[in-house]
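Student: Could we go through the aromatic residues and the nonpolar core of this model together?
Tutor: Gladly! Let's take a look.

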Amino acid sequence: LLGAAGVAIAGSHKGSMIKAFDLKTARERLSLALPGEGTLCNDMSYAPDGTLYVTDSNRSHILRLKAGADALEDWYHDPRLADPANNGSGLDGIVFAPDGHLYVNNFRTHVLARIAIAPDGRPGETTLIETSRPLDVPDGMRLVSGLTLAVAEGGGKISLVSIEGDKAQVRTIAEGFGSAAGVTIEDGVAWHVAGEMSYIFNPQKRGQTPPLPFRLTPVRLP
């Protein structure tokens, strides 16, 4: 998964995988490799028809797994959603929204974009969303309601992003922690987890232990 960053994890599978488990028995139900070399599975989102969309951060591609399929397909790539200064990488958070389209971000270029999905399932137009303030290393995203998303920002914030047309209002609801990599919504609470990604990607911190423990932190939604 993070072999390119020098992180080695014991296991029989090499590369980046999508895995599914039976929550009652803990048995593995699905194990699919991301197509291509040097892939990095980062975030994913389900559509109501059971289609799974997955971001490959190393290549900034979006992969698709249709319900019942036995392999991921390389569904979409747009150079505007990639960082040319870092080998075209950085695509990260992804959400399937009630308007029937996908919303994605890039943690390197800080962009937020909408990818239209045509009635036949093919990708349509990509629209860059103008945000009221720059997103601060946007990472994981989850739907709150309507077209409002909760976004974990690696700069140490949890924010609500309310999209209207091609623009979005960004409202910070928590800040001041080291970093934020993921967020999920449950019963009016945004739970987020610190990533401390600099301890992976910054060679000067490699091998050091982050000063704070990894923990889930709740933030009550306004």
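Tutor: Keep in mind that this is a predicted model. A good starting point is that Tyr53 and Trp75 are both buried.

Student: How is the aromatic pair of Tyr53 and Trp75 arranged, stacked or edge-to-face?
Tutor: The ring centres of Tyr53 and Trp75 lie 5.1 Å apart, with 65 degrees between the planes. Planes over 60 degrees apart count as edge-to-face. So the arrangement of Tyr53 and Trp75, given that cut-off, is edge-to-face.

Student: How many residues apart in sequence are the parts that Tyr53 and Trp75 tie together?
Tutor: Tyr53 belongs to strand β4, residues 52–56, while Trp75 sits in strand β6. The pair therefore links parts whose separation in sequence is 22 residues.

Student: And what kind of pair do Tyr53 and Phe96 make?
Tutor: Their ring centres are 6.5 Å apart and their planes meet at 15 degrees. Planes under 30 degrees apart fall in one class, so the pair of Tyr53 and Phe96 is stacked.

Student: Is Phe96 buried or exposed?
Tutor: Its relative accessibility is 16%. The cut-off is under 20%, so Phe96 counts as buried.

Student: Which residues form one aromatic cluster?
Tutor: Two of the members, Tyr53 and Trp75, you have met as an edge-to-face pair. Tyr53 also stacks with Phe96. The full cluster is Tyr53, Trp75, Tyr76 and Phe96.

Student: Which elements give two or more residues to the largest nonpolar core?
Tutor: That core has 14 residues, and Tyr53, Trp75 and Val104 are among those touching the most other members. The elements are β6, β7, β8 and β9.

Conventions
Residues numbered from 1 in each chain as written. Predicted model: local features only at pLDDT ≥ 70, side-chain atom pairs only at ≥ 80, totals over all residues. Heavy atoms only, no water. Core = buried A, V, L, I, M, F, W, Y, C linked by side-chain atoms within 4.5 Å. Buried < 20%, exposed > 50% of the residue type's maximum accessible area, 1.4 Å probe, protein only. Helix = DSSP H or I, 4+ residues; strand = E, 2+ residues; numbered from the N terminus. Phe/Tyr/Trp six-rings, centres within 6.5 Å; stacked < 30°, edge-to-face > 60°.
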